[in-house]
Amino acid sequence: MRSILSAGVTALLLTVLPAAAVTVKKSEYAKLPDGSPVSLFTVTNAKGMEARIMTWGGVLVSLKTPDRTGHLADVVLGHDSLRDYRADTGTYFGALIGRYANRIGGAQFKLDGKTYKLPVNDGSNSLHGGVIGFDKRNWTGREVPGGVELSLTSNDGDQGYPGTLKTVVTYTLTDDNALRLHYTATTDKATVVNMSNHTYWNLKGEGDILNNLVTINADKYTPVDEGLIPTGELKDVTGTPFDFRKPTAPGARINQADEQLKRGKGYDHNWVLNRTGKGVELAARVEEPTSGRVLEVFTDQPGVQFYTGNFLNGSVKGKGGKPANQRTALCLETQHYPDSPNKASFPSATLKPGEKYDSTTEFRFSAK
Ligand code: GLA
């Protein structure tokens with residue numbers, strides 16, 4: 001009788017009590033020169049994992065996750081202050097990227113017969129949405145269950161792109177240690193959209209990433225020209241330093257005499273993900289041998305930019321005022337392929353009125 005009763009009480013409690021709680025706390029990160037506040041959202045799950053996201057750039061400021069002994073470390077690169085984030089025009093540490101992640105060749109594209117010219121901010125190309133991309137805007141933030149919702153309206157003609165783009169990005173943390181990014185956008189004129197997040201991961205929390213074991217679920221990648229614009233070819237990775245189908249350290253082949261590695265100053269390429277369906281599927285996995293931390297990236301996007309922090313050269317200060325050095329982090333930027341608006345053979349990044357851009361990427365953490 002007693003056990004039946006207590007089983008009943010347990011069942012009742014399970015239905016009445018909310019699932020293990022993810023808490024969200026809002027505070028002020030800093031003020032912009034015009035006095036407007038930049039908010040910081042601290043999201044913590046039942047296992048102690050903590051993500052901090054600010055409204056400026058929608059930046060993932062820090063992410064603390066346990067190693068194999070339960071020890072928490074911050075596994076993302078960033079700056080110490082808003083002033084430093086605003087002064088940094090080259091790294092995109094932790095930021096949301098839009099309207100178009102990565103490069104558009106010749107800083108222009110044609111859509112429905114009309115040519116749109118974009119800001120030139122990378123050689124002769126337009127990179128990461130232009131000079132004042134989504135990474136340099138103060139988003140509107142509000143708490144939602146499990147995380148934060150950020151919204152931004154980009155006006156018609158903003159950075160040369162057509163259409164008023166209404167964007168909502170949600171960061172949520174789950175109790176099984178996943179950070180989920182959900183992106184939506186709508187437009188009132190045909191346009192192109194390709195949103196991403198530019199977090200620099202260092203799963204050890206220090207040192208370089210050359211011995212991390214990286215797996216990328218891709219049989220092909222998109223080779224680039226000297227300006228890092230895809231040539232249009234989808235190249236088989238077999239027998240090349242771009243074959244990460246089995247766990248491989250980036251350092252094992254990064255210095256090989258290879259024209260593509262030379263052009264990227266290391267890995268800075270888009271992989272063509274092997275996909276079977278429509279939802280989120282495994283894009284990449286990173287295992288850090290010392291801490292045991294594992295990151296798995298799941299996405300519904302067709303590509304991922306694997307970038308080994310080649311342009312970090314110590315001139316930019318990271319957290320604690322320490323120089324951010326080359327190869328001290330890696331990025332896995334889920335995306336449509338670079339320069340898709342100029343490549344009819346690539347999956348289309350066009351968004352039309354009445355359609356909804358809707359994309360999800362999950363960063364799942366564990367330790368082994
Ligand atoms: C992307 C690009 C790189 C570089 C970084 C930001 O990963 O592909 O070439 O511009 O962003 O520094």
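## A walk around the ligand and two pockets

Start by selecting the ligand: it sits in the second largest pocket. Keep in mind that this is a predicted model.

Next, show the residues around the ligand. There are 14 of them, and G90, R103, H128, H198 and D268 are the closest. Sort that shell by class and you get five nonpolar, six polar and three charged residues.

Now zoom in on the polar contacts. Pick R103 and look for a polar side-chain atom 2.6 Å from a ligand oxygen. Move on to H128, where a polar side-chain atom is 2.8 Å from an oxygen atom of the ligand. For G90, turn on the backbone: one of its polar backbone atoms is 2.7 Å from a ligand oxygen. Switch to a surface view here, and see how the protein covers 97% of the 300 Å² of accessible area that the ligand has on its own.

Then hide the ligand and look at the second largest pocket itself, with a volume of about 290 Å³. Its lining counts 20 residues, and G90, T91, Y200, Y307 and F311 are the closest to the pocket's centre. Colour that lining by class: seven residues are nonpolar, eight polar and five charged. G90 is worth leaving selected, as it's on the list of residues closest to the ligand and on the list closest to this pocket's centre.

Last stop: the largest pocket. It holds about 400 Å³ of space. Select L77, G205, E206, K319 and K322, which lie nearest its centre among 16 lining residues. By class, the lining of the largest pocket splits into five nonpolar, seven polar and four charged residues.

Note on methods:
Residues are numbered from 1 along each chain as its sequence is written. This is a predicted model: local features need pLDDT of at least 70, side-chain atom pairs count only at pLDDT 80 or more; totals for chains, interfaces and linings use all residues. Side-chain values use heavy atoms; hydrogens and water are left out. A residue is near a molecule or strand if one of its heavy atoms lies within 4 Å of it. A polar contact is a pair of N or O atoms within 3.5 Å; within protein, one must be able to donate a hydrogen and the other to accept it, and residues adjacent in sequence count only if both atoms are side-chain atoms. Accessible areas come from the Shrake-Rupley method with a 1.4 Å probe; for residues, only the protein chains shown count as cover. On a 1 Å grid over the protein atoms alone, a cavity is a set of points where a 1.4 Å probe fits but cannot get out, and a pocket is an open set with protein on both sides within 12 Å along at least five of seven lines; lining residues have an atom within 4 Å of a point. A molecule sits in a cavity or pocket if more than half of its atoms lie within 2 Å of its grid points. Ala, Val, Leu, Ile, Met, Phe, Trp, Tyr, Cys and Pro count as nonpolar, Asp, Glu, Lys and Arg as charged, and the others, Gly among them, as polar. Grid points are joined across faces, edges and corners, and a volume is the space filled by probe spheres set on the points.
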